[in-house]
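Hi everyone, thanks for coming. I'd like to walk you through one structure today, so let's put it up on the screen.

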Amino acid sequence: MAFRIKSERIRGIESKPFREGGKKHYSVRIFLDADSPEELDQVDSVQYELHPTFRNRQRVSSNRATQFEIIIWSYGFFTAKAKIVKKDKPPENIEGFIRWSTAP
């Protein structure tokens, strides 16, 4: 089994600064990818740990239909961790680099 943390910018949502003169933030989808759909079917939930600059660093998704996605606003790329909680096996910890295209 090979799980990966993936990310992509959400198209159709304009980037924006959150304070006057601040950096542009992008709406980003972070999700779990696997070698096969059957592997994702064995996942119960994913517990993401974001960069320390996030106020709410710990995020959890149990939604298999969206590949256990979370949606964030971010201005920069970073490494995230994920604890994959499986239905019938021990949890698995992975890391992935969160990045996206800034092109519209």
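Before we start, one term we'll need: a residue counts as buried when its relative accessible area is under 20%, as exposed when that value is over 50%, and as partly exposed in between. Please also keep in mind that this is a predicted model.

Let's begin with a sheet. It is an open sheet of four strands, in the order β5-β4-β7-β8, and the pairing is antiparallel. Which strands stand at the edges? They are β5, residues 58-61, and β8, residues 92-98. Each has a single partner strand, so one side of each is left without a neighbour in the sheet. If you look at how neighbouring strands of this sheet sit against each other, they are turned by 25° on average, ignoring direction.

Now look inside that sheet. Strand β4, residues 43-49, runs antiparallel to strand β7, residues 78-86, and six bridges join the two. To find one of these on your screen, start at Val-43: its bridge partner in β7 is Lys-86.

Next, strand β6, which covers residues 70-74. How do the side chains behave along β6? They alternate: Ile-70, Ile-72 and Ser-74 point to one face and are buried, whereas Ile-71 and Trp-73 point to the other face and are not buried. β6 also has a partner, strand β3, residues 24-34, and these two pair in the antiparallel sense over five bridges. Within that pairing, Trp-73 in β6 has Ser-27 standing opposite.

Trp-73 brings us to the largest pocket. About 570 Å³ of space lies in this pocket. Its lining is made of 19 residues, and those nearest the centre are His-25, Thr-53, Phe-54, Trp-73 and Tyr-75. Which strand gives the most to the lining? That is β6, with four residues. Sorted by class, the lining has eight nonpolar, seven polar and four charged residues.

Let's move to the loop between β5 and β6, where we find Gln-67 and Phe-68. First, a bit of background: most residues other than glycine have a negative phi. Now, Gln-67 is not a glycine, but has a positive phi of about 60°. Phe-68 is not a glycine either, and here too phi is positive, at about 60°. Are these two buried or partly exposed? Gln-67 has 21% relative accessibility, so it counts as partly exposed. Phe-68 has a relative accessible area of 0%, and therefore is buried.

Two serines to finish. Ser-7 lies in strand β1, residues 3-9. With a relative accessible area of 19%, Ser-7 is buried. A polar atom of the Ser-7 side chain lies 2.7 Å from the backbone oxygen of Arg-99.

The other serine is Ser-36, in the loop between β3 and α1, the helix at 37-41. Its relative accessibility is 18%, so Ser-36 counts as buried. How far is Ser-36 from Glu-92? In sequence they are 56 residues apart, and in space they are 16 Å apart, C-alpha to C-alpha.

If you take one picture home, let it be β6: a strand with alternating side chains, paired with β3, and giving the most residues to the lining of the largest pocket. Thanks for listening!

Conventions: Residues are numbered from 1 along each chain as its sequence is written. This is a predicted model: local features need pLDDT of at least 70, side-chain atom pairs count only at pLDDT 80 or more; totals for chains, interfaces and linings use all residues. Side-chain values use heavy atoms; hydrogens and water are left out. Two strands pair if DSSP finds at least two bridges between them. Axes are lines fitted to C-alpha atoms, for helices over the stretch in contact, and angles run from 0 to 180 degrees between N-to-C directions. On a 1 Å grid over the protein atoms alone, a cavity is a set of points where a 1.4 Å probe fits but cannot get out, and a pocket is an open set with protein on both sides within 12 Å along at least five of seven lines; lining residues have an atom within 4 Å of a point. Grid points are joined across faces, edges and corners, and a volume is the space filled by probe spheres set on the points. Ala, Val, Leu, Ile, Met, Phe, Trp, Tyr, Cys and Pro count as nonpolar, Asp, Glu, Lys and Arg as charged, and the others, Gly among them, as polar. Buried means under 20% relative accessible area, exposed over 50%, partly exposed in between (1.4 Å probe, protein chains only). A polar contact is a pair of N or O atoms within 3.5 Å; within protein, one must be able to donate a hydrogen and the other to accept it, and residues adjacent in sequence count only if both atoms are side-chain atoms.
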